[in-house]
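Here are my notes for anyone opening this structure for the first time. Have a look at the picture, then work through the points in order.

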Amino acid sequence: MHALVVGGGIAGTTTAIALAKAGIDATVHEAHDRDSEGVGGWLTLASNGIDALATLGLGAEVTAHGHPTRTMRLSNHTGRVLAEFPMAPERPDGLKVHTVRRCDLHRVLRAAATARAIPVRFGKRLVDATPRPGGGVIARFADGDHVEADLLVGADGLRSAVRTIIDPAAPAARYTGLLNTGGYATGATLPPRFRADPGVIEFCFGRNCFLGYTLAPDSSIWWFANPAARQKLGRAELAAISEDDWRRRLHALFAGDELPAATLVDGSAHIFAGWNTYDFPTVRTWHRDDMIIVGDAAHAASPASGQGASMAIEDAVTLARCLRDSTSVPAAFAGYESLRRARVEKVVEQGRRNGTGKTAGPIARVIRDRVIMPMVASRAARTGASPSEWLFGHHIDWETPVRATPRP
Ligand SMILES: Cc1cc2nc3c(=O)[nH]c(=O)nc-3n(C[C@H](O)[C@H](O)[C@H](O)COP(=O)(O)OP(=O)(O)OC[C@H]3O[C@@H](n4cnc5c(N)ncnc54)[C@H](O)[C@@H]3O)c2cc1C
């Protein structure tokens, strides 16, 4: 069986690796003409995502590039701590949430693909795919090339071409009302009350902009900022915002807040090029014939979920298991959907709720600081953990055969 994986990001590269483990050949076709080395910001890789990576023998290798992140601390614009609680419940296997640069995660995955002799073809933008008579798929690329395969996995991200090939009525991603930028501050000295502690991720509700930061082992401080913007910005508009423009905007957005944003901005040699943040309420159709979508193409969660990469990795391992154990590709896809849909849609919804609190107006701020956060803090103190066992405790049992239960 040969699989064509469209998209060489986190979902696509992991899918090809997982398929190789299941004994299925895969070729990755990536639209960009080169690797995304050095591109992107940082993300939290949840313990459930690390568990899925460990199935592929890559858990320790990835976490060696990051640092464990045990605690989340929330503050308001005055720097007053509103709540502090564990990132995730303790797992019996000791796996912990880690913070990693997206490019480091991607580099480990690319090296693992190379070590498994998985071909990755760059400069291959999929433009169309049709069922092959008798089964399989014929895929066509922008450069005029075409490829035949027994199945096609669309891991082509938020603006997935495969999604609309499968279902021309598929929804577009939903803009969440937030922009995103950030940087790596080196040599920034924060005032003692804002000192970043190892293992803690700080989330600060500025009045006009949300700020997150965490201390890396080399003493640099990794940060991001989410300016609220009613309308999403077009590609050209985003590209037109220079690093200096971002510095000016961020200074203005945090002016009057007692947060260390200016120190982080000034201490960073570069500011990430900004991007809009999106999620998907629901994508009704994930597969048709021998084509399926995974990762952000199927179910992007807002960055506030902290689960996008982890969900993509879980998808990859689950799809490979289903293909290994099913009698046909459509049966494998149906089994995959029955194992994944409810879980990923719950994560998308949770990410939407987390993200909404980032843009509170004056009244909502008071309710948040005086009512909601004290409740959250006291619940965390009572239970000693977040209630998200279902999320962070997830384990994919690779060895056990899948009993696929197709959707009715
Ligand atoms: C600001 C921000 C913060 C985030 N924070 C977190 C976090 O804390 N924790 C977390 O787990 N996740 C986080 N995420 C999400 C995470 O990065 C993604 O969810 C994850 O990488 C899965 O992506 P993917 O591989 O499905 O898509 P992508 O990474 O978008 O990859 C898609 C690939 O497909 C290629 N492609 C697109 N179209 C075509 C085509 N037609 N033909 C061929 N190739 C194509 C693209 O070039 C790209 O390489 C965050 C995301 C953002 C934006």
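**Notes on a first read**

1. Let's start with a small detail of the backbone: glycine 57 comes after α2 and has a positive phi, near 80 degrees. Keep in mind that you are looking at a predicted model.

2. Now the helix α2 itself, residues 47–55. Since 9 of its 9 residues are buried, α2 is largely enclosed by the rest of the structure. The list of buried residues runs Ser47, Asn48, Gly49, Ile50, Asp51, Ala52, Leu53, Ala54 and Thr55. What do these buried residues pack against? Their partners are β3, α3 (59–63), β7, α10 and α13 (389–392).

3. Two of those partners, β3 and β7, turn up again in an open sheet of 3 strands, ordered β3-β7-β4 with antiparallel pairing. Which strands sit at the edges? They are β3 and β4, each of which pairs on one side only. The pairing of β4 with β7 (residues 98–101) is antiparallel and rests on 2 bridges. If you want to find it on screen, go to histidine 67, whose bridge partner in β7 is threonine 99.

4. Another partner of α2 is α10, and this helix passes a simple length check. Its 18 residues should span 26 Å at 1.5 Å a residue, and the end C-alpha atoms are indeed 26 Å apart, so the two agree. Is α10 mostly covered or mostly open? Mostly covered, with 16 of the 18 residues buried.

5. Next, zoom out. The domain assignment splits the protein into domain 1 (2–173 + 280–392) and domain 2 (174–278). Taken over C-alpha atoms, the centres of domain 1 and domain 2 are 24 Å apart. On the contact between them, domain 1 puts in 27 residues and domain 2 puts in 31.

6. Look at the domain 1 side of that contact. Both β4 (67–68) and β5 (71–76) supply at least two residues to the side that touches domain 2, and β5 has the largest share there, with 6 residues. By type, this side of domain 1 holds 11 nonpolar, 13 polar and 3 charged residues.

7. Where does the ligand lie? It lies between the domains, because domain 1 and domain 2 both give residues to the shell around it. That shell has 36 residues, and the closest are Gly7, Gly9, Gly157, Gly295 and Gly308. Sorted by type, the shell around the ligand has 14 nonpolar, 16 polar and 6 charged residues.

8. Several elements build the shell around the ligand: α1 (10–21), β3 (42–45), β18 (275–279), α9 (296–299) and α10 (308–325) each give at least two residues. Which of them has the largest share? That is α10, with 4 residues. So the pieces connect: α10 lines the ligand, and the buried residues of α2 pack against α10.

9. One last spot, away from the helices above: alanine 228, in the loop between β16 (221–227) and α6 (235–239). Is alanine 228 buried or partly exposed? It has 15 C-beta neighbours inside 10 Å, which is why it counts as partly exposed; a buried residue would need 20 or more. Phenylalanine 210 is 18 residues from alanine 228 along the chain, and their C-alpha atoms are separated by 8.3 Å.

Terms used
Residues are numbered from 1 along each chain as its sequence is written. This is a predicted model: local features need pLDDT of at least 70, side-chain atom pairs count only at pLDDT 80 or more; totals for chains, interfaces and linings use all residues. Domain bounds come from an automatic or database domain assignment. Two residues are in contact if their C-beta atoms, placed from the backbone, lie within 7 Å. Ala, Val, Leu, Ile, Met, Phe, Trp, Tyr, Cys and Pro count as nonpolar, Asp, Glu, Lys and Arg as charged, and the others, Gly among them, as polar. A residue is near a molecule or strand if its C-beta atom, placed from the backbone, lies within 6 Å of it. The expected span of a helix is 1.5 Å times one less than its number of residues. A residue is buried if 20 or more other C-beta atoms lie within 10 Å of its own, exposed if 12 or fewer, and partly exposed in between; C-beta atoms are placed from the backbone. Two strands pair if DSSP finds at least two bridges between them.
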